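Open the model in your viewer and keep the sequence panel beside it. This tour goes stop by stop, with something to select at each one.

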Amino acid sequence: MKPSITAAVIASCLFIGLPTTTVADSEDVVVENAWARASIGVNRPGAAYMTIRNNGTDSATLVGLETPLSMMPDIHETKTDANGVSSMAPAGDIMIPPGESVSLEPGGLHAMLMRPQIKMVEGETFPLTLNFADGGTLTVDVPILGISARGPEG
Amino acid sequence: MLALALYIGWWQVDGPGAPELVAQRPLPLTQMEFRMTDQVGSMVGPTTLLGNPSIVFFGFTYCPDVCPTTLSDISGWLDDLGDGVADMDVVFITVDPERDTVAAMAEYVSYFHPAIQGWSGTLSETARAAAGFRASYEKVATEGDDYTMNHTASVFLFDSEGQFAGTIDYHEPREFAVPKIRRVLTRTEEETS
Ligand SMILES: [Cu+2]
């Protein structure tokens, strides 16, 4: 009898575990206040900002970006040390706990758009796809504001 | 006890114990030596800034996050200060002169407040300028044969005689930044009247 009980427990764990680990997390993620700055030409990397909110009951993990605008989009984090020196580096995966949000804003996290393929023209928008650890994706249209924009309102 | 505290203060700030990580005050402009070209092609240097209060900061135009934010912040401060900035020199010095030519600087600064100038120099003049301001910068390779620059993102204030008059930290809120600039402007008015 013993082996079959163990098997049944494992089977029910798999069955119950399935929805929570593979489906529920990124479906309830929304993006608010996305914006980017216009670029000068196509040689300079761009940056995009937004608030990513997880309205679900499980955490969601942002693992990557895709956009036709850039060959190498990535989430970066700018840090300024005690000496006032700023640097930026890939931020890695971004975990968003249920009910919480993560802000990509100037001087902190940003969607770094390296190797741009298209000039970013003020007034236009571009699609940016967020890839999550559960395989879910979310595509948002990012409005391009002026080069001197300070936030989503310009 | 006070003497000891003072001694420790000296030792940390100027003395042999000064750790590299503690930001030092920029030299007075009168003690700096470097030559650069501004966005309209004129030869400029630290003495160009004497006679008016000035705001100086470092950056580069291939900088997607910190630099446009700093230029936007400064543009906002200058808007708040209104006519008071008419006689102020506001200078953006590139730490990446290999990519930031005079023409690139001219185009870049044109998108921000019209008072903002863009200065570029040779690699060695850039190093001399940064040394005078006690600013640091470093070229860092990124994915795909590219590079970015780590650099001091603070904004330096000088009075009309070229004396260092304070620092505005990167992305400091406008309600703190604008009064700091206003104090330097007021001090200059008192000196000249
Ligand atoms: Cu970046």
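Two strands count as paired when DSSP finds at least two bridges between them. Strands β4(A) and β8(A) clear that bar: seven bridges join them, and they run antiparallel. Keep in mind that this is a predicted model.

**Stop 1: chain A as a whole**

Color chain A by secondary structure. Two helices and 10 strands appear. Start at the N terminus: both helices come before the strands, in the run α-α-β-β-β-β-β-β-β-β-β-β. Chain A has 154 residues, and 31% of them are buried. Now think about contacts between residues at least 6 apart in sequence. In chain A, 69% of these join residues at least 24 apart.

**Stop 2: strand β8 of chain A**

Select residues 109-116 of chain A, which is β8(A). How many of the eight residues in β8(A) are buried? Seven are, so-called "mostly covered". Next, add β4(A), residues 70-80. Find I75(A): it stands opposite A111(A) in β8(A). Then add β2(A), residues 46-54. β2(A) also pairs with β8(A) in the antiparallel sense, over three bridges. Look for G46(A), whose bridge partner in β8(A) is L113(A).

**Stop 3: strand β9 of chain A**

Select residues 125-132 of chain A and show side chains. They alternate along β9(A). F126(A), L128(A), L130(A) and F132(A) point to one face and are buried. T125(A), P127(A), T129(A) and N131(A) point to the other face and are not buried.

Which strands pair with β9(A)? One is β3(A), residues 60-66, antiparallel over four bridges. There, L62(A) has F132(A) as its bridge partner. Another is β10(A), residues 137-145, antiparallel over seven bridges. There, F126(A) is matched with V142(A). Follow the chain from β9(A) into β10(A): the two form a hairpin with four residues between them. Click on G135(A) in the turn, which has a positive phi of about 95°.

**Stop 4: where the chains meet**

Show both chains. Here 26 residues of chain A are in contact with 31 residues of chain B. On the chain A side, β2, β4, β5 and β8 each supply at least two residues. Color that side by class: 12 residues are nonpolar, 10 are polar and four are charged.

Zoom in on β5(A), residues 85-90. Its partner across the chains is β7(B), residues 146-152; the two pair in the antiparallel sense over two bridges. Pick S86(A), and you will find H151(B) of β7(B) opposite.

**Stop 5: chain B as a whole**

Hide chain A. Chain B has five helices and nine strands. From the N terminus on, they follow the order α-β-β-β-α-β-α-β-α-β-β-β-β-α. Of the 193 residues in chain B, 41% count as buried. Take the contacts with a separation of 6 or more: 67% of them are between residues 24 or more positions apart.

**Stop 6: the five-stranded sheet of chain B**

Select β5, β4, β3, β8 and β9 of chain B. In that order they make an open sheet with mixed pairing. Which strands lie at the edges? They are β5(B), residues 116-119, and β9(B), residues 164-168, and each pairs on one side only. Neighboring strands of this sheet are turned by 25° against each other on average, direction ignored.

Now add helix α3(B), residues 102-110. This helix packs on the sheet and touches β4(B), residues 89-94, and β5(B). The direction of α3(B) makes about 160° with that of β5(B). Then move to β3(B), residues 54-59, and β8(B), residues 155-158: four bridges pair them in the antiparallel sense. One pair to pick out is S54(B) and its bridge partner F158(B).

**Stop 7: helix α4 of chain B**

Select residues 123-133 of chain B. In this helix, T126(B), A129(B) and F133(B) are buried. Why do the buried residues of α4(B) line one face of the helix? Look down the axis: they fall within an arc of 65°, so they share one face. What do they pack against? The answer is β1(B), residues 36-37, together with β3, β4 and β8 of chain B. End just after α4(B), at R134(B), which takes a positive phi of about 60°.

Conventions: Residues are numbered from 1 along each chain as its sequence is written. Chains are lettered from A and ligands numbered from 1 in the order in which they are written. This is a predicted model: local features need pLDDT of at least 70, side-chain atom pairs count only at pLDDT 80 or more; totals for chains, interfaces and linings use all residues. A residue is buried if 20 or more other C-beta atoms lie within 10 Å of its own, exposed if 12 or fewer, and partly exposed in between; C-beta atoms are placed from the backbone. Two residues are in contact if their C-beta atoms, placed from the backbone, lie within 7 Å. Axes are lines fitted to C-alpha atoms, for helices over the stretch in contact, and angles run from 0 to 180 degrees between N-to-C directions. Ala, Val, Leu, Ile, Met, Phe, Trp, Tyr, Cys and Pro count as nonpolar, Asp, Glu, Lys and Arg as charged, and the others, Gly among them, as polar. The arc is that of the directions from the helix axis to the C-beta atoms.
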